[in-house]
Amino acid sequence: MRDVCIVGAGMSKWGEVWRRSFRQLFVDAATAAIKDSGVDHLDSLYVGCMSGGLFAQQEHVGAICADYLGMAGLPAMRVESACASGGMALRAAFIEVGSGVSDIVMASGLEKMTDVDGDGATAALAGAADQEYEVFHGATFPGLYAMMAHAHMAKYGTTSEMMAAVAVKNHHNGAMNPVAQYPFEITVEGVLNSVMVADPLHILDCSPITDGAAAAIVTTEEIAKKLGKPYVKIIGSGVATDTIALAQRDDMTTIKAATIAADRAFKMAGKKLSDVQFTEVHDCFTISELVILESLGLYEPGKAGPATLAGETALDGKFPVNSSGGLKCKGHPVGATGVAQAIEVFKQLTGQAEGGRQIPGSPKVGMTHNMGGSGASSVVHIMEVA
Amino acid sequence: MAGIVGYGAHVPRHRIKVEEIAKVWGADAPSYKKGLMLREKSVPPPDMDTITLSVEATRRALIRAQNVDPKDIGAIYIGSESHPYAVKPSGTTVAEAIGATPDIHCADFEFACKAGSEAMFVAMSHVDAGHMDYALGIAADTSQGAPSDALEFSAAAGAAAFIMGKENLIAECVDTHSYMTDMPDFWRREHEFYPQHAGRFTGEEAYFATTKGASNALLKKSGMKPADFKYAIFHQPNGKFPQRVSRELGFTQEQIDPGWLAPRLGNTYSGASPIGLSATLDVSDPGDMIFMCSYGSGAGADSFIWKVTDRINEVRDLTVRTHKLLDENVTYIDYGTYAKFRHKIKKNY
């Protein structure tokens with residue numbers, strides 16, 4: 001397999017973007033990525049999108065994105081794995097370039113979620129769970145993660161303050177990110193006093209509904225060098241699945257698919273966890289970040305909460321997590337999230353993180369973890385400075 | 001220019017508190033009270049609708065108009081989104097009740113919450129054009145809010161009536177501006193009981209952008225600035241929106257205070273800014289300049305500049321002031337009574 005690189009990236013403004021449509025959000029991100037990379041053409045396009053149909057009544061996502069990018073004719077395909085769609089799109093682009101089928105591929109993600117109301121968005125997102133065994137019986141994603149949180153609290157003594165500390169840290173980071181949906185600081189007290197969504201998760205424990213797109217240019221090292229722009233190498237890519245229903249898992253306090261996907265990615269990369277200096281993880285809820293850090297092996301079970309409270313995962317901590325602001329602050333346009341995570345690692349490794357959120361000490365290796373549903377799919381990428 | 005020769009308002013005496021509604025739906029009352037700046041809202045009893053509210057308000061307007069013979073009123077326009085009949089005008093009944101029939105033009109207006117200011121604008125335009133000596137513009141609503149929806153905490157009832165003329169003015173209309181775009185932020189389709197809305201979009205892109213559009217255009221056109229006005233009134237779907245939009249436009253809390261009724265009246269839809277104008281006129285002095293801007297989803301806004309005349313001192317207390325309607329003879333009801341009053345309890349007949 002050839003070496004594969006990311007050589008340029010672009011994102012639309014994330015938030016409640018009422019004046020940009022589904023296709024415009026994609027074009028905003030895609031044209032920014034093309035400009036950033038300096039490529040003069042694409043060989044193919046992958047678009048991670050969970051539910052263009054339910055959120056924006058638009059299917060046939062690959063074709064419409066290629067069309068409105070002014071590239072009708074381009075091979076283009078939508079990739080779907082619920083909230084992990086973006087990470088899977090990146091993996092598809094990685095494989096296509098690595099295999100030699102194409103030289104320049106855009107890995108992108110897109111979701112336009114605010115054209116439906118809250119109930120409509122909840123129902124669309126519920127499609128990532130097990131409809132027959134979970135959703136039809138009343139489960140929603142906040143409810144499923146609330147159960148995971150309760151189990152984690154009961155087994156390990158994790159507290160609401162520890163979970164709130166995740167949100168506070170991610171807002172601190174995201175306040176420096178120019179595309180973030182909610183770029184402002186919050187406090188632990190503010191989280192604990194915010195409206196309860198599904199006990200023990202308050203609304204400020206939850207990632208928001210977001211409109212947004214992200215795009216990265218994936219290519220060979222030879223082309224990346226010729227372009228003369230900063231680039232990073234993707235050295236590992238791992239995917240795993242798990243039972244779709246939470247009730248079918250052996251243990252609700254861990255995300256097994258994350259553990260396996262990371263193992264696979266590290267095996268491909270020929271690296272170990274201790275080689276990585278920072279990560280972007282899928283903090284769809286504050287409890288998710290804690291469970292994922294433990295599932296990835298960064299902390300022993302039950303230790304991620306106290307470590308977060310102690311500031312270990314802060315931007316200037318010993319292992320920064322979610323320097324972008326994470327899903328919590330930056331926003332979570334589900335199909336775009338996985339690509340945006342990779343873009344953050346690209347920016348950090350090439351020293352391009354804006355607003356003062358550059359991780360100190362020039363990190364050399366970073367990783368992303370993107371997850372679908374309550375953990376039934378996970379995709380991990382490991383990237384290294386060129 | 002033409003202006004107001006008589007004004008009056010009416011608000012039902014029944015109220016329901018935010019806590020009482022929140023209790024039923026398991027909602028967090030403090031966050032609604034803080035987030036929307038609402039404490040309670042008026043509730044129309046079963047025998048009160050847009051027509052009866054309009055009659056009450058118009059009778060008070062006739063008292064303040066002093067020597068206007070109802071037979072000299074050439075037009076009656078009622079703006080509401082709760083006309084009791086889908087087909088049959090509200091205005092005919094009101095005109096009959098005040099003795100203004102049969103030589104009169106009548107139409108019911110609808111434009112979400114700015115139907116009332118439209119009625120005022122068109123009535124005033126007829127007078128200005130010399131079509132008639134007097135015309136009546138009424139803003140009235142018994143607003144709808146779906147059970148458990150955020151709107152249920154605000155949707156209230158009330159009316160204000162304005163007799164427009166050219167002589168013996170209480171307040172002259174110095175200038176107006178209307179502003180409108182096609183904006184689907186809030187709607188109720190035929191045969192639906194309750195309106196639907198689009199959350200924050202309804203605020204940011206619709207209410208705030210439209211209110212500012214109409215307000216800034218009128219300020220520019222008139223060459224006036226917020227500091228030139230003694231008072232200002234904005235459409236008030238809740239307590240917070242008018243407070244924020246007035247601040248962003250450069251008005252102060254002191255300027256909006258007399259007409260800022262939503263925290264304890266609720267959202268009277270078409271009646272909101274016109275009732276606010278009535279409460280503001282109640283405390284105005286001769287020479288005061290008043291800025292007013294309505295808002296209606298769909299979406300549009302009508303802005304007005306009023307100049308109060310000497311006659312205000314003569315007529316202000318000929319009938320009840322609007323704040324007194326809010327302060328006195330108030331009866332608090334529970335959710336069950338509210339559900340009965342608002343016909344939310346299903347029966348087989």
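Let's start with a small open sheet in chain B: 3 strands, in the order β3-β2-β14, with mixed pairing. Helices and strands here are DSSP runs (H or I over at least four residues for a helix, E over at least two for a strand), numbered from the N terminus. Two strands pair if DSSP finds at least two bridges between them. At the edges stand β3 (40-43) and β14 (331-332) of chain B, each with a single partner strand, so one side of each is left without a neighbour in the sheet. Strands of a sheet pair through backbone hydrogen bonds, either parallel or antiparallel. In chain B, β2 (residues 14-17) and β14 go together in the parallel sense over 2 bridges. One residue to look up there is B:His14, whose bridge partner in β14(B) is B:Thr331.

Which helix lies across β2 and β3 of chain B? That is α1 (residues 18-25) of chain B, and it runs at about 55° to β2(B). Axes are lines fitted to C-alpha atoms, for helices over the stretch in contact, and angles run from 0 to 180 degrees between N-to-C directions. Two residues are in contact if their C-beta atoms, placed from the backbone, lie within 7 Å.

A word on where this comes from: it is a predicted model, in which local features need pLDDT of at least 70 and side-chain atom pairs count only at pLDDT 80 or more, while totals for chains, interfaces and linings use all residues. Residues are numbered from 1 along each chain as its sequence is written, and chains are lettered from A and ligands numbered from 1 in the order in which they are written.

Now for some backbone oddities. Most residues other than glycine have a negative phi, and most peptide bonds are trans. Here are four spots in chain B to check against that.

| Where | Feature | Value |
|---|---|---|
| B:Thr101 and B:Pro102 | cis peptide bond | omega about 5° |
| B:Gly298 to B:Ala299 | cis peptide bond | omega near 5° |
| B:Gln66 | positive phi | near 60° |
| B:His343 | positive phi | near 55° |

B:Pro102 sits in the loop between α4 (90-98) and β5 (105-109) of chain B, whereas B:Ala299 belongs to strand β13 (residues 298-308) of chain B. You'll find B:Gln66 in the loop between α3 (50-65) and β4 (73-79) of chain B, and B:His343 in the segment after α13 (335-341) of chain B.

Are residues like these buried or exposed? A residue is buried if 20 or more other C-beta atoms (placed from the backbone) lie within 10 Å of its own, exposed if 12 or fewer, and partly exposed in between. B:Gln66 counts as partly exposed because it has 13 C-beta neighbours inside 10 Å. B:His343 has 10 such neighbours, so it counts as exposed.

Finally, let's zoom out. Chain B has 13 helices and 14 strands, and chain A has 14 helices and 11 strands. The radius of gyration is taken over C-alpha atoms, and the globule rule is 2.2 Å times the number of residues to the power 0.38. For the 349 residues of chain B, a compact globule would have a value near 20 Å, and the chain's 19 Å agrees. With 386 residues, chain A would be expected near 21 Å as a compact globule, and its 19 Å agrees. Buried residues make up 54% of chain B and 60% of chain A.
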